[in-house]
Structures are given as C-alpha cells and as structure tokens.
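Student: Please take me through a close look at one part of this structure, step by step. I would like to start from a single residue and then see what surrounds it.

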Amino acid sequence: HRYPASWATNLRVMYEVARRAPDFRPTSILDYGAGPAPALAAAVEVWPGAFDHASAVEPSEHMAQLGKYLTTDLALPPIVWQRCLYDDVE
C-alpha cells in the first residue's frame, strides 16, 4: 500500500537529479531495503536504458519475491537480489 508513494518520491528525487545534472547518466543502481523495488522502477523512468548493473538488497524473502515479480518487465539488466550486503554473489 506504500508502493505508489515510494515510487513517486523516488521518481521526484531522481527527476530533480537528472534535471539539475543533465550529464549524469548512472550505469549501475543499488536499491537497499528494496521491498517491492519502487526505486528501480522510478530509475528506469528517469534514465531509460542507462543501467548495465542492478542490485537489490531486501532481507524479507516475501518482499523480494514481490519485487522480482514487479520488476520482471522493466528495462533493466538482470537484477541481483540479495538478503544482505554480505551475501555471496556469483
């Protein structure tokens, strides 16, 4: 129930960054405490096709499953989902 507000907040912040720093084109993104990943969805709106790497850290397996479902069709490289920052990543 907080997804729309989180998405809108992230979108506004990223939009302002893009507007104030037009030469800034991030190539990687980390969503820490990703939940259902509204920040990843907002980032794709602001910088479409810019990302070479995407990571999401979410300790709740249920929220990570929801995030994976909601990000399936986003124009992002495969998202590396982790339970914590110290998970082994292959």
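Tutor: Happy to! Let's start at Thr 71, which lies in the loop between α3 and β3. Keep in mind as we go that this is a predicted model. Is Thr 71 buried or exposed? Its relative accessibility is 8%, so Thr 71 counts as buried, since the cut-off for buried is under 20%.

Now look at what surrounds Thr 71. Leaving aside residues up to four places away in sequence, Thr 71 touches Ala 37, Leu 40, Ile 79 and Trp 81. Two of these names, Ala 37 and Leu 40, are good signposts for the next steps.

Take Ala 37 to begin with. You can find Ala 37 in the loop between β1 and α2. With a relative accessibility of 0%, Ala 37 counts as buried. Its backbone deserves a look as well: the phi of Ala 37 is near 70°, a positive value in a residue other than glycine. As background, most residues other than glycine have a negative phi.

Leu 40 brings us to helix α2, which spans residues 38-46. How many of the residues of this helix are buried? The count is 8 of its 9 residues, so by the under 20% cut-off helix α2 is mostly covered. The buried residues are Pro 38, Ala 39, Leu 40, Ala 41, Ala 42, Ala 43, Val 44 and Val 46. What do they pack against? Their partners are α1, β1, β2 and β3.

One of those partners, strand β1, covers residues 28-32 and holds Asp 31. Asp 31 touches Ala 37, Ala 39, Leu 40, Ser 55, Ala 56 and Val 57, again not counting residues up to four places away in sequence. So Ala 37 and Leu 40 turn up here, just as they did among the contacts of Thr 71. Asp 31 is buried yet has no salt bridge. How far away is the nearest side chain of opposite charge? That side chain is Arg 2, and it is 11 Å away, whereas a salt bridge needs the charged atoms within 4 Å.

Arg 2 appears again in the lining of the largest pocket, which is made up of His 1, Arg 2, Tyr 3, Ser 6, Gly 33, Ala 34, Gly 35, Pro 36, Pro 38 and Met 63. Pro 38 is in this list too, and we have already met Pro 38 as a buried residue of α2. About 210 Å³ of space lies in this pocket. Sorted by class, its lining has 5 nonpolar, 4 polar and 1 charged residues.

Another partner of α2 is helix α1, and here we can look at charges that do pair. Side chains of opposite charge can pair when their charged atoms come close. Within helix α1 (residues 3-20), Arg 12 and Glu 16 are 4 residues apart, which means they are separated by about one helical turn. They form a salt bridge, with the closest N and O atoms 3.1 Å apart. Glu 16 is buried, at 13% relative accessible area, whereas Arg 12 counts as exposed at 53%. Glu 16 also forms a salt bridge with Arg 19, and there the closest N and O atoms are 2.9 Å apart. Arg 19 and Glu 16 are 3 residues apart in helix α1, so about one helical turn separates them as well. Arg 12, Glu 16, Arg 19 and Arg 20 are linked in a network of salt bridges.

Finally, let's return to α3, which comes before the loop of Thr 71. Glu 61 forms a salt bridge with Arg 83, the closest N and O atoms being 3.8 Å apart. This pair links distant parts of the chain: Glu 61 sits in helix α3 (residues 61-70) and Arg 83 in the segment after β3 (79-82), 22 residues apart. Glu 61 is partly exposed at 32%, and so is Arg 83 at 44%. In the whole structure, a search finds 4 salt bridges.

Key: Residues numbered from 1 in each chain as written. Predicted model: local features only at pLDDT ≥ 70, side-chain atom pairs only at ≥ 80, totals over all residues. Heavy atoms only, no water. Helix = DSSP H or I, 4+ residues; strand = E, 2+ residues; numbered from the N terminus. Buried < 20%, exposed > 50% of the residue type's maximum accessible area, 1.4 Å probe, protein only. Lys, Arg positive; Asp, Glu negative; His and termini not counted. Contact = heavy atoms within 4.5 Å. 1 Å grid on protein atoms, 1.4 Å probe; cavity = no way out; pocket = protein on both sides within 12 Å on 5 of 7 lines; lining within 4 Å. Points joined across faces, edges and corners; volume = space filled by probe spheres on them. Nonpolar A, V, L, I, M, F, W, Y, C, P; charged D, E, K, R; others polar.
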